[in-house]
Amino acid sequence: MSKRSGRRQPRPQAPQANQAPQANHAPQPDAAAQTQAPTQDASQQASRCGFIALIGAPNVGKSTLVNALVGAKVAIVTHKVQTTRALLRGIAVAGPAQLVLIDTPGIFAPRRRLERAMVATAWSGAHDADVICLLIDARRSLDQEAETILGRLTEVRQPKLLILNKIDLTARPKLLELAAAANARQKFDATFMISALTGDGVADLKAWLADHVPAGPWHYPEDEISDAPLRSLAAEITREKLFLRLHEELPYQLTVETEQWKTLRGGAVRIEQTIYVERESQRKIVLGKGGQGIKAIGAEARREIAEIVEAPVHLFLFVKVREGWADDPERYRGMGLEFGKDE
Ligand SMILES: Nc1nc2c(ncn2[C@@H]2O[C@H](COP(=O)(O)OP(=O)(O)OP(=O)(O)O)[C@@H](O)[C@H]2O)c(=O)[nH]1
Ligand SMILES: [Mg+2]
């Protein structure tokens, strides 16, 4: 696990109404030291920490919300469904509370092995959490996907929140109607209406989470914002650029792995990544005419990775045909997914 620091956006100077008081954290080398350290005001400083799973149908804005709560990009986001493939923990701080946000793949009716693994992973994330947040795209009504998740939430014992996201695109009467319909189907501890994109309502949600996670020591150092190693984030960023540039089924038929990460003399980083596709025809599309496609993708990914590592990056992308990679256990290990049984 790598620690990434310095990328969290500065916290606001004045807390907004309803926001948990922002405690001043002295540097805390580790959670154990924190519980033993004398505090100025024990009631204010008593630490809290919990795991919060964000679940929902694909494309409802789970990863956008994780980034908004953390205050930095830890998860990739695209306009396409099924962007997130594996669990990722983003770590946010709210006063004395550390919130470990579990971003999950969207839940839908899976067909392929990869999809089944993604959906199983999403539910496993929910079962391991202290609080479960169900996100719904407020523009949509309770469709089949939302109904299925609402039904299965009955099995879940933990506190549950309903989050209607994308309120920047939705009229208020529709929001109230949707909130009432979802609450009639499932008992939620609270309902929030937010825009993960504009940040509207996110501070109130964060304050609620900070108040409701269990008392206890923090699980991560104060400045850690994600549990994902940099090499995984770098592979995800390249995958994001591929998702944004490629069309139809192709984004779902590829995966990206960071094969080499080397810090060079002078501080620059040399990164080699492989993009696995299923067929030669797909390799040609990814490369683009005269290699222009892969060049543009590489330039975009390199720029963003360099910002994150705060050093010049030399990014080398290779496109390999690996027929049936989606049935290869090795690729699943790379993605952090369970390799499920054949069905
Ligand atoms: N207008 C608007 N767009 C949003 C909001 N939240 C997310 N989006 C957009 O919705 C799309 C999907 O966002 P993601 O965060 O990738 O959604 P997700 O639920 O993580 O999707 P999967 O990983 O595929 O399950 C992106 O284009 C986001 O910019 C919001 O509050 N308002
Ligand atoms: Mg996502």
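Here is a walk through this structure, from the whole chain down to a helix, a strand and a ligand. Keep in mind that you are looking at a predicted model.

Let's start with the big picture. The chain has 343 residues, and 39% of them are buried. Its secondary structure adds up to 11 helices and 9 strands. If you take the contacts between residues at least 6 apart in sequence, 71% of them join residues at least 24 apart.

Now look inside. The largest nonpolar core holds 88 residues, and the ones that touch the most other members are Ile52, Leu54, Leu99, Leu101, Cys133 and Ile163. Both domains take part in this core: domain 1 (31-212) and domain 2 (230-335) each supply at least three residues. Pick out Ile52 and see what surrounds it. Leaving aside residues up to four places away in sequence, Ile52 touches Leu99, Val100, Leu101, Ile102, Ala129, Asp130, Val131, Cys133 and Leu209.

Next, find strand E1, which spans residues 48-56. Since 8 of the 9 residues of E1 are buried, this strand is largely enclosed by the rest of the structure. What does E1 pair with? One partner is E3, joined to E1 in the parallel sense over 7 bridges. To spot this pairing, look for Cys49, whose bridge partner in E3 is Gln98. E1 also runs parallel to E4, with 5 bridges between them. Here the pair to look for is Gly56 and its bridge partner in E4, Leu135.

From there, move on to helix H3, residues 62-70. How much of H3 is covered? Quite simply, 9 of its 9 residues are buried, and among them are Lys62, Ser63, Thr64 and Asn67. The cover over these buried residues includes the strands E1 (48-56), E2 (88-94), E3 (97-103), E4 (131-137) and E5 (160-165), along with helix H7 (202-212). Just past the end of H3 comes Gly71, which takes a positive phi of about 85°.

H3 also leads you to ligand 1. The helix gives the most to the shell around that ligand, with 3 residues. In total, 24 residues surround ligand 1, and those that come nearest are Gly61, Ser63, Thr84, Gly106 and Leu197. One of these, Ser63, is a residue you have already met as a buried part of H3. Sorted by class, the shell has 13 polar, 8 nonpolar and 3 charged residues.

Technical notes: Residues are numbered from 1 along each chain as its sequence is written. Chains are lettered from A and ligands numbered from 1 in the order in which they are written. This is a predicted model: local features need pLDDT of at least 70, side-chain atom pairs count only at pLDDT 80 or more; totals for chains, interfaces and linings use all residues. A residue is near a molecule or strand if its C-beta atom, placed from the backbone, lies within 6 Å of it. Helices (H or I, at least four residues) and strands (E, at least two) are DSSP runs, numbered from the N terminus. Ala, Val, Leu, Ile, Met, Phe, Trp, Tyr, Cys and Pro count as nonpolar, Asp, Glu, Lys and Arg as charged, and the others, Gly among them, as polar. A nonpolar core is a set of buried Ala, Val, Leu, Ile, Met, Phe, Trp, Tyr and Cys residues joined through C-beta atoms within 7 Å. A residue is buried if 20 or more other C-beta atoms lie within 10 Å of its own, exposed if 12 or fewer, and partly exposed in between; C-beta atoms are placed from the backbone. Domain bounds come from an automatic or database domain assignment. Two residues are in contact if their C-beta atoms, placed from the backbone, lie within 7 Å. Two strands pair if DSSP finds at least two bridges between them.
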